[in-house]
Structures are given as structure tokens and as C-alpha cells.
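Please look over the sequence and the model below. This report takes up two helices and one hairpin.

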Amino acid sequence: MKTFLSNFSIRSKLIGFFSAFLLVFSILNFTYYPSLYEKKVLLDLKHHLRDASKSIALAAGISLQMADFSSISLAIQSVGKDPNVFYLGIFDLDGDPIGALNPNQIALDIPVLLKRKEIFQIANVLFVVAPVTYQETQHGSLLLGLSLKALELTIQDFQENAIKLSLGLLALGILLSVIMSNYITKPLVKLTEATREIALGHYDIKINATTDDEVGVLGKNFNIMAENLNRNIEKLKQVEKEILSLSKFPEENPFPVMRISDAGELIYSNSASLPFLRHLDGRVGQPAPDLFQPWIKKSMDSNEPVFTEILFHEHILRLVFAKIKDSSYINVYAQDITSLKEIEEELQKAKVEAERSNQAKSDFLALMSHELRTPLNGILGFSDLLMEERFGALHQKQLRYVNQIENCGRHLLALVNDLLDIAKIDTGGIELVLAECGIRECLDDAMGLMQNQAGSKNLRLTSYVEPGLTTLVCDPRRTKQIMLNLLSNAIKYTPEQGKIHVTVSPDPVGVKISVSDNGVGIDEKEQLAIFEEFYQADRLRDESMGGIGIGLALTRRLVELHGGEIGIISALGEGSTFWFTLPFKKADPFKTPQDTSEDTSEDKMQAREDGHKILVVEDNDVNLEMILELLDGFEHQAVVARNGQEAIDKAKSSNPELILMDVRMPVMDGLTATQAIRELPQFKTIPIIALTASAGDQSRVKCLAAGCTDHLPKPVRSKELYAMLMRYLEPEGK
């Protein structure tokens with residue numbers, strides 16, 4: 001069957017299929033549906049006959065009860081008007097007729113028929129027997145016959161119409177099948193012709209597919225397929241060219257390429273490798289050169305490429321021994337890396353030079369820090385003495401001038417500290433001391449320190465810490481420094497009556513802290529550079545406010561030192577939000593953060609006993625005079641030494657209770673003198689406070705390692721000096 005149908009076209013198959021389908025439908029319409037119609041009409045007729053017999057029997061029962069025989073005759077005559085009624089008879093209980101319609105048209109035995117008591121058919125007459133009752137008492141029986149000739153005529157007409165309809169549908173179906181087959185098969189014929197063209201190698205073929213039905217979609221997909229096929233064929237041709245070119249690659253390669261078999265035999269070498277092989281006394285078809293053997297073994301054992309470098313006629317060659325996957329062959333590639341090595345050496349020299357320059361910069365900044373701190377020590381120290389009015393009362397203008405001197409000195413000191421911190425971070429000189437600290441406490445400390453500065457501009461300073469955030473691990477001192485820098489920046493650029501709000505919220509990596517203001521804002525194009533050193537968005541404005549572009553650069557470095565990120569959200573005239581993140585870390589159990597909190601109240605200092613003997617070692621006249629004036633306020637007995645050697649001699653002769661030791665001095669520096677003093681038995685425990693303009697953790701560690709008890713960076717402030725004396729000159733028993 002399959003072979004027989006395969007000889008016909010799709011068009012012929014479609015026509016045949018539709019014709020067969022319509023033929024079967026016509027046969028069913030001619031045979032099955034008339035029979036079905038006849039059964040339905042006969043069933044309806046039986047229901048009608050049963051209902052009519054019941055109605056007539058009920059009327060007859062009433063008439064028999066009343067012995068009204070005339071009414072029975074009238075009822076029979078009324079029913080007889082229906083031409084389809086063949087027979088109607090009403091009988092008493094004995095089977096004798098009371099009244100009948102067409103009594104001579106039935107030749108059957110009436111008593112026998114009355115006993116059947118059901119619907120039955122005799123010839124072309126349909127009979128029904130029904131009891132004649134009244135008030136549940138039977139008075140007789142009814143026999144009603146209905147002729148089926150009209151039904152036969154109706155069914156005959158239905159069959160004739162069915163035949164006409166079937167023939168019409170068959171003709172129409174054949175016509176439609178021809179039309180539809182042409183509609184469907186025409187695009188398929190085009191597709192067939194197009195595929196034949198593709199089979200012949202014409203890949204740029206394209207058919208006209210305009211419809212959106214399945215055949216149209218098939219045509220469009222065919223066009224896409226043909227286009228992709230054409231593109232892939234072009235790519236394949238290109239790949240074939242590349243493969244052909246790659247097949248010549250080893251020979252065209254300007255560098256040596258060789259192949260070694262699993263038996264250690266050199267089985268291939270390109271032209272570029274011939275001078276190299278001659279130098280090694282190697283030839284194709286012979287064992288690989290002895291120089292190759294260790295590297296061949298390593299490559300075979302590890303299944304990984306092995307690299308080595310050799311010297312060949314004042315050239316450095318890099319050899320690569322690579323085992324070919326799923327084989328036992330090893331390819332050997334050689335490359336002249338002489339120029340690359342020279343570049344690497346130049347880069348290494350440049351790196352060393354950059355590190356040297358960076359160190360020189362740091363050394364210069366450290367030196368300048370020391371040199372700037374020395375005069376600042378006198379400026380801030382004497383301004384402290386003047387503000388204490390130790391030498392007499394000052395009028396308001398004098399106090400204002402002294403306050404200006406102190407503010408300028410503090411500003412200059414802050415710039416020096418920031419520059420030094422940046423230099424130390426760049427050279428790795430700052431190491432974080434991580435510890436667990438309370439978020440609210442750290443934030444309140446920073447905001448408390450900036451409260452006066454904010455109050456001077458009537459700024460509202462508020463904060464919000466999201467519930468659940470209580471502690472974080474960070475360097476407390478450096479984190480407070482970050483907050484102070486951002487708060488100071490916000491206060492600086494927020495106009496009077498403005499608002500500054502600090503928010504602490506969770507972050508996917510840790511904690512996010514944001515400082516928002518409603519100040520001048522920053523243009524978007526300036527935001528990428530705002531964290532660079534010495535950058536100023538508006539130079540005239542920033543310089544007038546005392547900024548030189550150091551604070552945010554240092555802040556960024558301190559945040560990144562913690563492993564966090566910093567950014568800004570701002571627009572001109574709409575304020576700014578500086579934010580930074582501190583990732584979750586673990587505290588360092590072996591390091592303790594430096595405690596910078598001191599009770600520096602002069603009231604507490606005044607409650608101390610005065611008159612202690614203190615050795616002051618200082619070579620700078622201004623700084624020495626300032627320290628002596630500070631000590632004189634508490635009637636301490638000061639002994640002066642101008643260098644380290646003199647400090648040792650004065651310590652032996654005066655036996656002081658505490659030594660203030662300058663670090664940088666002529667003849668002998670302070671740390672060397674401290675070590676020598678510690679070697680004397682009577683000075684094993686005497687407090688020695690290092691005074692140095694080299695501020696920072698490294699300077700402190702260096703001083704403590706030399707034997708100093710504590711470290712006091714210059715410029716020395718009166719309150720800091722009082723606190724240090726208060727700590728180490730406590731009276732006995734207190």
C-alpha cells in the first residue's frame with residue numbers, strides 16, 4: 001500500500017483523500033441518516049399515539065360512568081376527522097363494542113388485540129390498547145390504530161433529498177479538494193524545486209512566502225535556512241582556506257617547531273629549527289638532543305606544558321614542551337625572548353626607581369613633617385600659654401588674635417598630619433589595629449567633636465543607626481578619622497541653618513555609613529576626581545574655605561585600607577551624600593587599639609601635688625622655653641639638657657622623677673640616650689616620655705622599643721602634657 005501511494009503526487013493524494021471522505025459521507029447520508037430519521041419519527045409517533053389514547057380513554061371513562069353513549073359517539077367522530085386515524089374502537093369489559101370508527105377496515109380478532117395492551121404494528125398500521133377508567137375503576141378498553149402511509153411518504157421524500165444533497169456535496173467536495181490541493185501543493189512544489197536547486201549547489205535561492213499559515217511559515221523558514229546555509233558554506237570555505245593555511249603554519253613559523261615521538265625520536269622539524277638543531281647536533285629520524293631529555297620526561301610525567309630557557313648565540317630562547325592530548329607525541333616550541341627579557345629588566349628597573357622615588361617622597365614628607373612640627377610646637381605651645389593668661393589678663397582683641405593663631409596652627413598641623421598619613425599609606429607604613437567597637441559610641445564621639453563646629457553655623461546634626469547594628473570590627477581611631485573628615489567636609493560646604501544627617505545601615509559585605517547634607521553639591525563630571533589628591537572642584541571657593549584637596553583623598557585611602565568602598569551621590573545645588581562601607585572582619589587578638597582618651601581637665605591637674613623634679617632634654621630654644629613655661633605653672637623643678645650625652649650626665653647628677661626626652665638632637669639622639677639611661681640600675685623604672693615631631697604609630701613603636709615609657713608627638717599641647725604628667729607623677733598612695 002505504501003509503495004502504491006508513493007507513486008502519486010501530494011496533489012493526487014489530497015484529491016483522492018477528500019473524494020473518498022466525501023463519498024463515505026454521502027453513503028452514510030443516503031443510508032444511515034434516513035434510517036435514523038425513520039426511527040426518530042416512529043418513536044415520536046408512538047409517544048403521540050400513547051398520549052392520544054390516554055386522553056380519549058379518560059373522556060370515554062367519564063361518559064361510560066354516566067351512561068352517556070352519545071358523547072362517546074361524538075368523541076369517536078371527532079377523532080375520525082384525522083385522516084391518519086385508521087381505526088378507533090371502545091369496548092366494554094366483556095369486549096363488546098360500544099362505539100367504533102371504520103369497523104370494517106380491520107379483519108383481526110378484536111378480543112385478541114385488546115389482550116395485548118401495548119403499542120404494536122400490524123402491516124402499515126400502528127395500534128395502541130388503553131384501559132377506559134374513571135376514578136381508578138376500569139369500565140372498558142380502547143383500541144386506536146394509526147396509518148403509517150404518511151410516515152412512509154415523508155421518509156421517501158427525506159431519502160430523495162438526502163440523495164440530492166449527497167451528490168451535491170460530493171461534487172462540491174471534489175471541486176474544493178482540487179482547489180485546496182492546488183493552494184497547498186503549489187508552495188510545496190516551489191519548495192521542492194528550491195531544494196532541488198540547493199542540491200545542485202545554488203545556495204542563494206529564495207522563494208516568495210507571503211502568507212502567515214503553516215505553508216507560509218515553512219517557506220519563510222526555508223528562506224532562513226537557505227540564507228544560513230549559504231552563510232555557513234561561505235564560512236566553511238573560509239575555514240578550508242584557514243585550515244590549508246594552518247597546515248603550512250609550522251613551516252611558515254619563524255620560530256623553531258619540532259615533534260618528538262613516544263620513543264624519544266625527533267620525527268619533525270620546521271625550517272626555522274634547523275640552525276638550532278645543528279647547534280645541538282640533532283637530526284630528524286634520530287633521538288632528540290640530550291638537552292631535551294629532562295624536559296621531555298617532565299612533560300610526559302605531568303601531562304602539562306613544561307617551560308625552560310636556554311642561551312643560543314647570545315639569544316635567550318624559551319622552550320615549551322607540550323604533550324599532545326590523547327597521544328604520546330610531544331611538540332617542542334621555541335621563541336626568542338631576548339627583547340622580552342630586556343623589557344622585563346627595564347620594567348624591573350623602573351619599578352625599583354618608582355619605589356625609590358616613592359620612598360624619597362615619603363622621606364621628604366616625613367622630614368618636612370618634622371621640620372614643620374618643630375615651629376608649630378612653639379606656635380601652639382605659646383598660644384596655649386597666652387590663652388591661659390598666665391602672664392596677665394588679655395583684652396578681647398588680644399584673645400581673638402591668640403585664638404586666630406591657634407586656629408591657624410591647628411589647621412596647618414591637620415594638613416601636615418594628612419600629608420604624612422597619605423605618604424605612610426602609599427608606602428605601607430600604616431597598619432590597621434582591628435578591634436570590636438560600638439557603632440553608636442564611635443558615631444557619637446565623632447559627632448560630639450564636630451558639634452561646636454556645626455553649632456557655629458547653626459547646622460542641625462542628626463543620626464540614625466538601623467536597629468540590630470550594634471558593633472563592628474575596625475580600627476577605631478582610623479574609623480573615627482574617616483567620620484570626622486566626612487563630617488568636617490559636610491559642615492564646610494553646607495550653608496547656615498542647613499542639615500547634616502548620618503545614617504548607618506547594613507550592607508551585603510558589612511556596614512554602610514552615609515553622611516548627607518543639603519549644601520552646594522558637586523557636579524557629576526567632578527565626582528570621579530573628587531577623591532584624588534589636591535583636587536578641588538571649585539579652586540577659589542575651596543581655597544577660601546581652607547581646603548587643599550587632601551581630606552577626601554586620605555579618607556578614600558583609609559576606607560580602602562579597611563577593604564571597603566567609598567562613593568558620592570550629589571548634584572549641584574541639591575546637596576551631597578558621601579558613603580563608605582566597612583566589610584565584616586575579625587578582630588586581631590594580638591593587637592590593642594591605641595587609647596587616645598585622656599582626662600585633660602586642668603582642674604584635676606591643679607588637685608595634684610606640685611614641685612616634682614623633671615629633666616627636660618631639648619635642643620630647640622623655642623620649644624625648651626615653651627616647655628619650661630608649662631612646667632613652671634605647677635612649680636616643677638626643671639633640669640635642662642641640650643643633647644643626649646648631657647641628658648645621661650644630668651640624669652646621674654640630678655636624679656629626676658620624670659624625663660621629657662627629645663628624639664632628634666646633636667651629639668647623641670634621644671633614643672640612644674634613653675637606652676643608655678635604662679642600663680643604669682636607678683633608672684630602670686623612671687618614666688621617660690619621648691618628645692618627637694615624627695608622629696604616628698611607627699614613631700611610637702620605635703620610641704617604646706628604645707625604652708621610652710610613652711610617646712608625646714609635637715607640637716606639644718598644654719593639656720596633653722598635663723595629662724601625661726598626671727599619669728606618671730601620681731603621688732604615692734593615690
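Which span should the 17 residues of helix α12 have at 1.5 Å a residue, and how far apart are its end C-alpha atoms? The model is predicted. The expected span of α12 (residues 439–455) is 24 Å, and the end C-alpha atoms lie 23 Å apart, which agrees. Even so, α12 has a kink of about 35°, centred on L449.

The buried residues of α12 are I439, C442, L443, A446, M447, M450 and A454. They pack against several elements, including strands β11 (435–438) and β12 (460–465) and helix α13 (476–492). Strands β14 (499–507) and β15 (510–517) are also among their partners.

Helix α19 (residues 644–654) buries G644, A647, I648, A651 and S654. Seen down the helix axis, these residues fall within an arc of 155°, so they line one face of α19. An α-helix has 3.6 residues a turn, so residues three or four places apart point the same way. Cover for the buried residues of α19 includes β18 (613–617), β19 (637–641), β20 (658–662) and α20 (670–678).

N643 caps the N-terminal end of α19. One of its side-chain oxygens is 3.1 Å from the backbone nitrogen of Q645. Just after the helix comes N655, with a positive phi.

Strands β1 (residues 85–92) and β2 (residues 97–101) run antiparallel and are joined by four bridges. G89 has A100 in β2 as its bridge partner. Four residues separate the two strands of this hairpin, and G95 in the turn has a positive phi.

| Residue | Place | Phi |
|---|---|---|
| G95 | turn between β1 and β2 | about 90° |
| N655 | just after α19 | about 50° |

Methods:
Residues numbered from 1 in each chain as written. Predicted model: local features only at pLDDT ≥ 70, side-chain atom pairs only at ≥ 80, totals over all residues. Heavy atoms only, no water. Pairing = 2+ DSSP bridges. Buried < 20%, exposed > 50% of the residue type's maximum accessible area, 1.4 Å probe, protein only. Arc of directions from axis to C-beta. Contact = heavy atoms within 4.5 Å. Polar contact = N/O pair within 3.5 Å; in protein donor to acceptor, adjacent residues only side chain to side chain. Expected span 1.5 Å × (residues − 1). Bend = angle between axes of the 7 residues up to and from the residue.
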